[in-house]
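Here are some short exercises to work through with the model open beside you. Try each task before reading its solution.

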Amino acid sequence: MGARGGGVTATGWSQPVGAAANVLALARVDSTNDVARRIVASWDPKSPFPGLAVVAGEQTAGRGRLGRAWFSPAGRGVYLSVIRALPSPVPVGLSLLAGAAVCAVLRGRCGLKAGLEWPNDVLVGGRKICGVLVEVVGGGGPAPVAIVGVGLNVTHRREDLPRADTTSVLLETGRSMAPASLVPELVAAVDEELLRGCRPGYAVRRFAELTVHRVGEPLSCRDGERTVEGLFDGLEASGALRLRVAGELRVLHAGEISSGEKETPC
Ligand code: BTN
């Protein structure tokens, strides 16, 4: 079943979803995830949360994973937070699903061979083009609410990017697209993947289709002060990373890949 047509109840998803859902567009904010948190906190918990996306032209305090800042220059990127009350049972691997949604849009709309680096960085040609920050908040009502933050580099030139291992749609395609033009498809794709994510095992299968990692390749994963080096062995059903270290299986629930091949699947 598609996610574009409004309320989808067969899977327990009971709110408007897709491109027709509400989008609040703002010129400049601190962080769209923080605006989303404030909206959710101020919502009357007695009413179901209706589903909303917040998009901004610029962020002054954009947040990345692991407490980092997300550089968000005016007019160059998509800075988007999709807010959705979660169905029950809550889909497994929300971050994987969000990354998969971005890959789908970059492949379909921009013709880019986008792939996923665990847990949810989106890479093109081995360089990061998009970061995803998923936060789940109480919402005060019966259902927890997911805030799916998407930061996509669109019209960044080389000099606009903070690091050499990052890229943008412009650099990869030579085309200058208006960041806002990608928003409806991104919102619809996030909805679609969250909806499909209700199926058992879906997020892990989707990650396997899109990942830049190959089973058996050497990977380093940094989690705070600790770095674990091993051979990639796929994901646990929970979405956690499996590494073989000296023949033993290590399972990592959080962290960041700091080395490895970055070949994108077809
Ligand atoms: C990362 O790779 O570290 C995640 C970056 C997520 C950035 C997006 S931009 C929209 C939303 N608002 C934020 O403050 N962060 C996310």
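**Exercise 1. Decide whether Ala188 is buried or exposed, and place it in the fold.**

Step 1. Ala188 has a relative accessible area of 1%. Buried means under 20%, exposed over 50% and partly exposed in between, with a 1.4 Å probe and protein chains only, so Ala188 is buried.

Step 2. Ala188 belongs to helix 4, residues 183-196. Helices here are DSSP runs of H or I with at least four residues, strands are runs of E with at least two, and both are numbered from the N terminus.

Step 3. Now look across the chain: the C-alpha atom of Ala188 is 8.6 Å from that of Ala101, although 87 residues separate the two along the chain.

A word on the source: this is a predicted model, in which local features need pLDDT of at least 70 and side-chain atom pairs count only at pLDDT 80 or more, while totals for chains, interfaces and linings use all residues. Residues are numbered from 1 along each chain as its sequence is written, and side-chain values use heavy atoms, with hydrogens and water left out.

**Exercise 2. Describe the largest nonpolar core and the surroundings of Leu182.**

Step 1. A nonpolar core is a set of buried Ala, Val, Leu, Ile, Met, Phe, Trp, Tyr and Cys residues joined through side-chain atoms within 4.5 Å. The largest one has 54 residues, and Leu80, Leu106 and Leu182 are among those with the most contacts inside it.

Step 2. Helix 2 (residues 94-108) supplies the largest share of this core, ten residues.

Step 3. Beyond its neighbours within four places in sequence, Leu182 has contacts (heavy atoms within 4.5 Å) with residues including Val78, Val105, Leu152 and Met177.

Step 4. A separate second core has 14 residues, including Val29 and Phe49.

**Exercise 3. What lines the largest pocket, by class and by element?**

Step 1. A pocket is an open set of points on a 1 Å grid over the protein atoms alone, where a 1.4 Å probe fits, with protein on both sides within 12 Å along at least five of seven lines; lining residues have an atom within 4 Å of a point.

Step 2. The lining has 13 nonpolar, 16 polar and twelve charged residues. Ala, Val, Leu, Ile, Met, Phe, Trp, Tyr, Cys and Pro count as nonpolar, Asp, Glu, Lys and Arg as charged, and the others, Gly among them, as polar.

Step 3. Strand 6 gives the most to this lining, with five residues.
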